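Biologist: Before we discuss anything, could you put the sequence and the structure in front of us? I would like to go through them by question and answer.

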Amino acid sequence: MKSDVLQHLDLWARAIMPTITTLLLALLDVIPIGVPAISDVSPLFTMMAIFYWAVYRPDLVPPFVVFLIGLLQDILLGNPTGLFALVLLGVLGATLSQRMAFVGKPFVFAWLGFAVISAAAFFTMWLLTCVLTTQIVLTTDVFFQYGLTTCCFPVAAWLFVRIHRHLVR
Amino acid sequence: MSRRPVSFSKVAQPVRSLMQRFAFSALFVTAFALMLMGKADIVLVERTRVAVNDAMVPVLDILSQPAASITKTIDSVSELHDLHGELERLKAENKRLRQWHHVATGLEAENRALRGLAHFVPPPDPAIISGRAISNTGGPFVRSVLVNVGSRDGVRRGLATVSGAGFVGVVVEVGELHSRVLLITDLNSQIPVVVQTTRDPGVLSGDNSNRPRLLFLPQNAKISTGNPVVTSGEGGVLPAGIPVGVITAIGDSGIRVKPFVDWERLEYVQFLDYRLGGVVKIPGTGLAGTGTRE
């Protein structure tokens, strides 16, 4: 009986690992990371986490959690409320519909897929910000952040694979 | 994918997927609605934002601690790289500053004498509230920063925020434990300024780049690159004379100002409160301020 409870607890802890990593990375997106060159524009780790978990463990990324994490990040960063939540839900939806193209294929496919989906996400974010502020937002920093996010994806994926193997299984 | 027993999932799967699809659309619509509601300045949205930020302050406060040490490490490594060059540069700068010191002492004496002759009443010194930045500057879509002091420490909306080098921005949101500063580089930031040397008034308007534009200068303004820009105090919201930056480019893309603040090393900021004069004694005079700035 006791071991049964422990086993359930263990399963539960493993099941919420993707949520925890995504939440921690959402906070990492918000805090100053202290690296001078990229302090203005840092990569969006949340997007990477949601893409990875949506591809490899879609059962462990409930849309509601993604929505809440997006909302939290919006509030902490001072974005219009709901902007990032909407974009992250879009990333989740797009990834879930295309995930069979990445599962069991070499990593490059997933990377390419992430590059395409995050490009659409950044474009949506840019468009919505332009509409909400009724001004044209400069695109240089948007491109820079997109490039940085795409380039950092393999590093983040390496970490996710470790977490996936050892903590989620 | 599912780890549940087959018999259960056979029944539950279609229902679950239908529920999930519905939940997905509902969340999508909610996010969109929230965005529009935020645009309409609904009090509940505003209050929720403040409450969430307040709740997250302790977490961000701890998580943001290592940032400063990472910056310091990177800085010291790059300094080690060119120690000799840095020494030469500092020697030259020290020599130049010593000359400026002489000039400044002379001017200060002259200024004091002239103020005495003209019976000039100096504006009250501001109350200063210091805090630490606990978020980054926001990225390409918004430029604002969270600071770990709030209404409990006397921060109010509209206070001018400076760092050691110059003007940072204006407080736009205050909670019990936090405040959000809209940086002068943000799209929504419009700061009344004056070109210090020519006294030409204008508006510093951010566009999310690191070089805000200087707009609405008079037609006959004789400005040139290198001219310093300070706040003008026009409109009575901000104090006058806070250094903002220097004009770096005059061209097709408008007049660009390089802020004095080093955004990459924005760690501690100060809020200047000129209206607390009634509480805070003005150093040196023994007088208490009247509580108004004008």
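Biologist: In β5(B), which residue is the bridge partner of B:E173?

Modeller: This is a predicted model, and the pairing in question lies between strand β4 (residues 167-174) of chain B and β5(B), which run antiparallel and are joined by five bridges. The two strands form a hairpin with four residues between them. Within that pairing, the partner of B:E173 in β5(B) is B:R180.

Biologist: Which residue of β5(B) is the bridge partner of B:S144?

Modeller: Here the pairing is that of β2(B) with β5(B), an antiparallel arrangement with four bridges. β5(B) is also joined to β4(B), by five bridges. On the β2(B) pairing, the partner of B:S144 in β5(B) is B:L182.

Biologist: How many of the five residues of strand β5 (residues 179-183) of chain B are buried?

Modeller: In a regular strand the side chains alternate between the two faces of the sheet. In β5(B), B:S179, B:V181 and B:L183 point one way while B:R180 and B:L182 point the other way, and all are buried. The strand is accordingly described as mostly covered, and the number of its residues that are buried is five.

Biologist: Which helix of chain A gives the most residues to the largest nonpolar core?

Modeller: The largest nonpolar core holds 96 residues, and those that touch the most other members are A:I50, A:F51, A:L88, A:L89, A:V91 and B:V181. The core also draws at least three residues from each of domain 1 (12-63) and domain 3 (126-294) of chain B. The greatest contribution, ten residues, is made by residues 45-56 of chain A, that is, by helix α3.

Biologist: Leaving out residues up to four places away in sequence, which residues does A:F51 touch?

Modeller: A:F51 is among the residues of the largest nonpolar core that touch the most other members, and A:V91 is named there as well. With residues up to four places away in sequence not counted, A:F51 touches A:V91, A:T95, A:F114 and A:I117.

Biologist: Which helix supplies the largest share of the side of chain B that touches chain A?

Modeller: The contact takes 48 residues from chain B and 41 residues from chain A. On chain B, at least two residues each come from α1 (6-39), α2 (43-63), α3 (65-81) and β2 (144-147). By class, this side of chain B divides into 28 nonpolar, 15 polar and five charged residues. Its largest share amounts to ten residues and comes from α1(B).

Biologist: What is the radius of gyration of chain A, and how does that value bear on its compactness?

Modeller: Chain A has seven helices and zero strands, and its C-alpha trace spans about 60 × 35 × 30 Å along the principal axes. For 169 residues the globule rule gives 15 Å, and the value for chain A is close to that, so chain A is as compact as a globular protein of that length; its radius of gyration is 17 Å.

Biologist: Is A:P154 buried, exposed or partly exposed?

Modeller: A:P154 is found in helix α7 (residues 140-168) of chain A, a chain in which 44% of the 169 residues count as buried. A residue needs 20 or more other C-beta atoms within 10 Å to be buried and 12 or fewer to be exposed. For A:P154 there are 15 other C-beta atoms within 10 Å, and therefore A:P154 is partly exposed.

Biologist: How far apart in space are A:P154 and A:Q7, C-alpha to C-alpha?

Modeller: Among contacts in chain A between residues at least 6 apart in sequence, 66% join residues at least 24 apart. A:P154 and A:Q7 are 147 residues apart in sequence, and their C-alpha to C-alpha distance is 33 Å.

Biologist: How many residues join β10(B) to β11(B) in their hairpin?

Modeller: β10(B) pairs antiparallel with strand β9 (residues 228-231) of chain B through three bridges, and B:V229 has B:G245 as its partner in β10(B). β10(B) also runs antiparallel to strand β11 (residues 254-259) of chain B, with six bridges between the two, and there the partner of B:G245 is B:P259. The number of residues through which the hairpin joins β10(B) to β11(B) is two.

Definitions and conventions
Residues numbered from 1 in each chain as written. Chains lettered and ligands numbered in written order. Predicted model: local features only at pLDDT ≥ 70, side-chain atom pairs only at ≥ 80, totals over all residues. Contact = placed C-beta atoms within 7 Å. Nonpolar A, V, L, I, M, F, W, Y, C, P; charged D, E, K, R; others polar. Rg over C-alpha atoms; globule rule 2.2 N^0.38 Å. Core = buried A, V, L, I, M, F, W, Y, C linked by C-beta atoms within 7 Å. Domains from an automatic or database assignment. Pairing = 2+ DSSP bridges.
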